[in-house]
Amino acid sequence: MAKKSDLRPTMLSVYLYIPNIIGYIRVLMNCFAFAQCFSNKKLFSILYFISFVCDGIDGWCARKFNQVSTFGAVLDMVTDRISTACLLVILSQVYRPGLVFLSLLALDIASHWLQMYSTFLSGKVSHKDVKDSTNWLFKLYYGNRMFMAYCCVACEVLYILLFLLAKNDSENLMNVLVSSAKQNALLAALLGLSLFGWAVKQAVNVIQLKTAADVCVLYDVEKKHKP
C-alpha cells in the first residue's frame, strides 16, 4: 500500500505536466499578443494563431505522456474562452454592428460554461463526452476530432481575417466581407471555408447551451423527487 501511495502524483508534479506547461506558455503568448494587437496587427495574428495551435499540441501531449488532468482541461478551456472573448471585444469596437460580436461572445462563454457544469452534474470525466446525445451534429462535432478541429480553426481564422481586413474603426461587417471576396479569389475561398466552419460551431454552441441547460433542469427535477 505504501508503495502504491508513493506513485501518486504530487500537486507540484501535476502543475508541471508537459501539457500544462504548454498552457502557461499559451497564456503568456496571448498576453503579449494582445499588448501588440493595435501596434502590430500581423504579429498579433501570428502569435494568436500559434497559441491556438498549441491547444491541439498540449492535448496530444496529455494523451501521449499520460498526463491528462482536470486542471489542464480547465486551463485549456479558460484560456480558449478568454482569448476568443478578447478578440471578439476588439472586433465589436472595429465593426458595425458591434452587437454581433458581443452576442457571439455571450453565446460562446455561456454554452461552454453550462456544458462544463452539466458534465460534473452528470458524473462524466470530459465535457466532450456526448455519446448519449440525440443530436447528430452535436455527436459529430465532439465525436470526430478532425471535424471539430476544422470548425475551431475556421472560426478563429475568420476572426483573425476580419481583424486584419479592418482598415478603420467603424467598418461595416458585410461591406468588408463582400468587397474582400470580390478583390481576391483565394481570400474569397478562405473566407467561404471559414464561414462554413464558423456557422457549424455557432450551431453547436446553441445546441450545447440547450442540452446542458436540460441536464441542469433534469438534475433539479430528479433531486426534488428523491424520497
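What volume does the largest cavity have? About 60 Å³, and we will get there after a walk past some rings.

This is a predicted model, where local features need pLDDT of at least 70, side-chain atom pairs count only at pLDDT 80 or more, and totals for chains, interfaces and linings use all residues. Residues are numbered from 1 along each chain as its sequence is written, and side-chain values use heavy atoms, with hydrogens and water left out.

**Stop one: the rings.** Select Phe 44 and Tyr 48. Their ring centres are 5.6 Å apart with planes at 40 degrees, so the pair is tilted. (Rings of Phe, Tyr and Trp, the last by its six-membered ring, pair if their centres lie within 6.5 Å; planes under 30 degrees apart are stacked, over 60 edge-to-face, the rest tilted.) Phe 44 is buried at 0% relative accessible area, and Tyr 48 is buried at 2% (buried means under 20%, with a 1.4 Å probe and protein chains only).

Now add Phe 34 and Phe 163, which form one aromatic cluster with Phe 44 and Tyr 48. Show Lys 41 too: its charged end sits over the ring of Phe 163, 4.9 Å from the centre (NZ of Lys or CZ of Arg within 6 Å of the ring centre and within 35 degrees of the ring normal).

**Stop two: the cavity.** Select Arg 81, Asp 108, Glu 156 and Lys 201, which are among the residues lining the largest cavity. (On a 1 Å grid over the protein atoms alone, a cavity is a set of points where a 1.4 Å probe fits but cannot get out; lining residues have an atom within 4 Å of a point. Points are joined across faces, edges and corners, and the volume is the space filled by probe spheres set on them.)

Definitions and conventions
Buried means under 20% relative accessible area, exposed over 50%, partly exposed in between (1.4 Å probe, protein chains only). On a 1 Å grid over the protein atoms alone, a cavity is a set of points where a 1.4 Å probe fits but cannot get out, and a pocket is an open set with protein on both sides within 12 Å along at least five of seven lines; lining residues have an atom within 4 Å of a point.
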